[in-house]
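Reader: I would like to learn how to read a structure of this kind feature by feature, with the general idea first and the particular case after it. Could we take it slowly?

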Amino acid sequence: MNNFIFENTTKVYFGKGGVKEYLACSMKKFGDTVMLAYGCGSIKKNGIYNEIVEILKEIGKTVIDFSGIMSNPTYAKVQEGVKVVQENHVDFILAVGGGSVIDCCKIISAQAKLDEDIWEMENQKKVYPTEFIPMGAIVTAAGTGSEMNAGAVITHEKKKIKAGIFGTQAKFAFLDPTYTMSVPFEQVLSGAFDTFSHAMETYFGKPDTNNLSDNINEAVMRSVIQNIHILLNDHENYDARSELMWASSIAENGILKIGKITDFQAHQIEHQLGAYTNCNHGQGLAVIHPVLYRHIYQDGIERFSRFAKNVWGISEKESKQETALAGIQALADFIKEMGMPITFSQMGIAADTDFRAIANSTNITAGCCKKLTHDEIFEILKECI
Ligand code: NZQ
Ligand code: ZN
């Protein structure tokens, strides 16, 4: 195993009724002016907004609304949030939503304390922020695991780049599976597949020798498959939603990455696809993964055949190649069974999208078992159409 330093500073409140019971005490030590940040209205419809505002008012906080954070949050929306924070002298940011709201707030929190542009600072100078407006997260849609790490994915519309940048990490995260009951089922599946993707992207990283992180990871992947199966038959099953919600945090809170260099090539491709098409993150991954894996599996044959056996329960075939391919087929069949798109056209992505530009602007990762070229990424994208 590679050397590592591990710390996760987010306090997690998991379960039904957690906000009512613990939000007030978890907020007391922070300043009086709270920016309540959310998306495009779901929390007003399902009552979560009123529940939170009531609690904040009861403990004497001044609440400043910041709404309209869109899926695939933009750099412009971050700047809008920074203005609200600075004009109102906000002491604390409370992000209520899915990955998009949480990500946007992480970067608002950092940018509000900086005199220079965070995008340029991180991407050009490779300097990362150290001061933040403190922030908490209340998760309403599971999948990204954004609530337990400091990374955020922001779309810079002018530059046509969707990239990970570092901001603050939430001081606390509330994970109440009942909050996810109103999420459109298509999005529930998209989030669950995102979690599965995070686990795979870590599992297929380097080194691919035996380590504890990979053994835990296999358990996470099997659990995600099992609980998606339960939800497909029983959309509101609380236990399955709980398991998926916690798996989502576990997959991205660093535990599975211990001692590894992660892969995340599928994510890099999907992010650029998102920059050009504003597509749904989990759906984009569902289309890309099997196609990408068929391109690279021969360079990671041991790991792909282990994936087939230990995650999908496939018995060893005559050759490792056959075993590995059977695992990738099981993944593709599962995506179909979930009813997720298997081509870009099923996602509504136009055939005349500039896939060449997407390929050329995709980061090539160091952890992928095969170091791809931009031409290979272009081929992969074309196969996905
Ligand atoms: O905006 P509202 O009205 O709230 O609607 C949202 C949105 O339309 C809706 N929703 C959320 N909670 C709901 C609900 N609808 C009804 N009831 C509820 N309780 O769900 C829709 C999708 O929300 P969004 O936050 O966009 O989805 P997700 O959580 O999948 O986040 C996607 C973003 O996260 C990034 C993605 O790239 C994408 O930009 N990621 C962030 C990561 C991270 N920070 O660690 C890792 C991921 O790999 C990912 O890249
Ligand atoms: Zn993801």
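Author: Let us begin with a residue that will return several times: histidine 267 is buried, with a relative accessible area of 4%. Please keep in mind throughout that this is a predicted model.

Reader: Which protein atoms are the donors of the zinc ion (ligand 2)?

Author: The general idea comes from geometry: ideal angles at a metal are 109.5 degrees for four tetrahedral donors, and 90 or 180 degrees for six octahedral ones. In this structure the protein donors of the zinc ion (ligand 2) are an OD atom of Asp194 together with the NE2 atoms of His198, His267 and His281, at 2.0 to 2.2 Å from the ion. Water is not among the atoms, so a site may look incomplete.

Reader: How are the donor residues of the zinc ion (ligand 2) spaced in sequence?

Author: Their spacing reads D-x3-H-x68-H-x13-H. Distant parts of the chain are linked in this way, since aspartate 194 sits in helix α7 (residues 185-203) and histidine 267 in helix α10 (residues 265-277), 73 residues apart. Aspartate 194 also counts as buried, because its relative accessibility is 2% and the limit for that class is under 20%.

Reader: Let us turn to the other ligand. Which residues come nearest to ligand 1?

Author: There are 32 residues around ligand 1, and those that come nearest are Cys40, Ser42, Ser71, Ser100 and His198. His198 is thus a residue to look at twice, being one of the zinc donors as well as one of the nearest residues to ligand 1.

Reader: Which elements supply the shell around ligand 1, and what classes of residue does the shell have?

Author: At least two shell residues come from each of α5 (99-111), β6 (151-156), α7 and α10, and α5 gives the largest share, four residues. Sorted by class, the shell has 20 polar, seven nonpolar and five charged residues.

Reader: Where are the polar contacts of ligand 1 to histidine 267 and histidine 271?

Author: An oxygen atom of ligand 1 lies 2.9 Å from a polar side-chain atom of histidine 267, a residue that also gives a donor to the zinc ion. For histidine 271, an N or O atom of the side chain is 3.0 Å from an oxygen atom of ligand 1. The backbone takes part too, with a polar backbone atom of valine 183 at 3.4 Å from a nitrogen atom of ligand 1. As for the area, ligand 1 taken alone exposes 970 Å², of which the protein buries 88%.

Reader: How many disulfides does a search of the whole structure find?

Author: A disulfide is a covalent bond between the sulfur atoms of two cysteines. Here the search finds zero. Cysteine 369 is instructive, because the closest cysteine sulfur, in cysteine 368, is 4.8 Å from its own and therefore too far for a bond. With a relative accessible area of 23%, cysteine 369 is partly exposed, and cysteine 25 is partly exposed as well, at 47%.

Reader: What should I look for in the backbone angles?

Author: Most residues other than glycine have a negative phi, and most peptide bonds are trans. Against that background, lysine 126 has a positive phi of about 60 degrees; this residue lies in the loop between α6 (118-125) and β5 (135-139) and counts as exposed, at 53% relative accessibility. Phenylalanine 264 likewise has a positive phi, near 60 degrees, and is found in the loop between α9 (238-252) and α10, but phenylalanine 264 is buried, with a relative accessible area of 13%.

Reader: Where is the cis peptide bond?

Author: It joins lysine 206 and proline 207, with an omega of about -5 degrees, and proline 207 is placed in the loop between α7 and α8 (212-233).

Reader: How should I read separation along the chain against separation in space?

Author: The two are to be read separately, as a pair of cases shows. Methionine 27, in helix α1 (residues 18-27), is 109 residues from glycine 136 in sequence, with 8.7 Å between their C-alpha atoms. Arginine 306, in helix α12 (residues 301-312), is 238 residues along the chain from glycine 68, and their C-alpha atoms are separated by 44 Å. Methionine 27 counts as buried at 0% relative accessibility, and arginine 306 counts as buried at 15%.

Definitions and conventions:
Residues are numbered from 1 along each chain as its sequence is written. Chains are lettered from A and ligands numbered from 1 in the order in which they are written. This is a predicted model: local features need pLDDT of at least 70, side-chain atom pairs count only at pLDDT 80 or more; totals for chains, interfaces and linings use all residues. Side-chain values use heavy atoms; hydrogens and water are left out. Donors are N, O and S atoms within 2.8 Å of the metal (3.2 Å for Na, K and Ca); water is not among the atoms, so sites may look incomplete. Buried means under 20% relative accessible area, exposed over 50%, partly exposed in between (1.4 Å probe, protein chains only). A residue is near a molecule or strand if one of its heavy atoms lies within 4 Å of it. A polar contact is a pair of N or O atoms within 3.5 Å; within protein, one must be able to donate a hydrogen and the other to accept it, and residues adjacent in sequence count only if both atoms are side-chain atoms. Accessible areas come from the Shrake-Rupley method with a 1.4 Å probe; for residues, only the protein chains shown count as cover. Ala, Val, Leu, Ile, Met, Phe, Trp, Tyr, Cys and Pro count as nonpolar, Asp, Glu, Lys and Arg as charged, and the others, Gly among them, as polar. A disulfide is a pair of cysteine sulfur atoms within 2.5 Å.
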